[in-house]
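Me: I have a structure here and would like to understand its charged pairs. Could you take me through some of them?

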Amino acid sequence: MGRVSVKNVSRTFSKKDDESETQALENINFNVEDGEFVCLLGPSGCGKTTLLRIVAGLETHTSGEITLNGAPITGPDPKRGMVFQQYSLFPWRTVIDNITFGLEMQGVGKGEARKQVEKYLDLVGLEQFKNSYPHELSGGMQQRAAIARALANEPEVLLMDEPFGALDAQTRNILQDELLKIWEQKHVTFLFVTHSVDEAVFLSDRIVVMTSRPGRVKEIINVELPRPRSRTSPEANLLRDKVLKLLEQERFTR
Amino acid sequence: MNLRLIKTVREKGIEVISLLCVIVLWQFTAEWIVKNKLYLPSFYDVVLSLFAIIESGVIVTDILTSLLHFGIGIIAAFLIGIPLGIIMGWFKEANEAIDPIIEILRPIPPLAWIPFAMVWFGLTHQAAGFVVFVGMIFPIIINTYTGFKNVPRVHVDAAKVLGCTRSVSQIRYIALPSALPSIVAGIRIAMGVGWMCLVAAEMFGVSKGGLGYALWFNFHLHRMDFVLLYMLLLGFLGLVIDRAFRYYVDKKLLRWTAGIVV
């Protein structure tokens, strides 16, 4: 079960040295249903990453309420896994030890934890590389391992902050396919931040399009394309066109 | 066996020949040009004195005494320097409180502490260890602090969302390993400084033994061949300690950094 509800959430950043304030988020409202795949899409600087970090519990909101299954979010919790845009594997731990980290934090012994995470290694296809250090892996493999690490805690929601942003186009496509497979197998709720319209259209059930700063919800678009999806079908192109136009308006209102 | 021998000879050949040339040149200069043991003892004299101290066993006690002083200093510097650096790097208020004190004490040359070392500890091993400690602690504190300051935020965030929420766990599982390369670099600098302080402290008579003490003692007896021998021993031992430390660090502690830079 992983139902995220975001109600009237605002966030203002105040600078310490002067009195100026920046409003990053203004009155954000949306829900993510259990098992749903939702993308947050918006121009850069619109606060989508801030919103995701608030849901993760890494940042605080100034007003409003965010709940997971009805319980308010107050801080980070392994129930909400997160994958970051930057390579976030711990470079001093091997791939498998990175993946067992969450379990170790819960007090599971190392040997037992290693046994338990085998299936996630398998899921992301890194069985061969389990004893490698992160610097020995390609960018795509590192993000696969990061996904496995987040999944190993068996989270109810997986928060992804442009996880494929630093990868080349082909690797990105491959990882998007793999991510959808994982989503189908694992029944996890996904909240996925991206600035790529293609990615949002290909992956999500719904796209929350945000305005430029201060970030507000501009429109929530239902993506009713049948799965498995084709990247180049006319329906997908039509939808892409629609979303791109929405974003273009944001460029002109700035 | 033979092939391997030839291979090592070929690989190390130039190094060995170079060393041999220096020894021959040294022996020749001392024997035929300087002709004065006080100004320049020959290689042969130094080898004889080496046999002399091996035979009498002095070499063992001298080395062990020096290592004891060094050990006292390094352990004290670890026990105080690393935790202090960690606290300063992790808690901003601690840094604000401790930093000015450190900045006042740091520029004082470690050897200036020798009088107080003698007053506080007498002519003991601890006194020599204290001087080593003063030389070592600041590079360790500063590098630990820097290492902790440079812990990537994304690693701390990742740990938090994986359930590592307590400060103590974040320090132990994230910040400490992440800062380790910097801490290790600090320790290496500190060991170099500490080694110099050790010899100076022993020479000034802070203790009643050790390589530095023996060097100074022989100088008073005008036995320059022994002085030179102790100089070479000090250099050699310093090299061995540094190499051993580096080997341990590269093979065990920091295996994960292999290939990132070098």
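**Salt bridges and their surroundings**

Reply: Happy to! Let's begin with Lys37(B) and Asp225(B), whose side chains meet in a salt bridge at 3.8 Å, N to O. This is a predicted model, where local features need pLDDT of at least 70, side-chain atom pairs count only at pLDDT 80 or more, and totals for chains, interfaces and linings use all residues. Residues are numbered from 1 along each chain as its sequence is written, chains are lettered from A and ligands numbered from 1 in the order in which they are written, and side-chain values use heavy atoms, leaving out hydrogens and water.

Me: Why is the pair Lys37(B) and Asp225(B) called a salt bridge?

Reply: The term requires a side-chain nitrogen of Lys or Arg within 4 Å of a carboxyl oxygen of Asp or Glu. The N to O distance for Lys37(B) and Asp225(B) is 3.8 Å, so the pair qualifies.

Me: What makes Asp225(B) buried and Lys37(B) partly exposed?

Reply: Buried means under 20% relative accessible area, exposed over 50%, and partly exposed in between (1.4 Å probe, protein chains only). Asp225(B) has 11%, so it is buried, while Lys37(B) has 48% and is therefore partly exposed.

Me: How do you know that Arg153(B) counts as exposed?

Reply: Its relative accessibility is 56%, so Arg153(B) passes the exposed cut-off. Its salt-bridge partner is Asp157(B), with the closest N and O atoms 3.8 Å apart. Asp157(B) is buried, at 4%.

Me: Which residues are linked with Arg153(B) and Asp157(B) in a network of salt bridges?

Reply: Arg11(A), Arg53(A) and Glu59(A) are linked with them.
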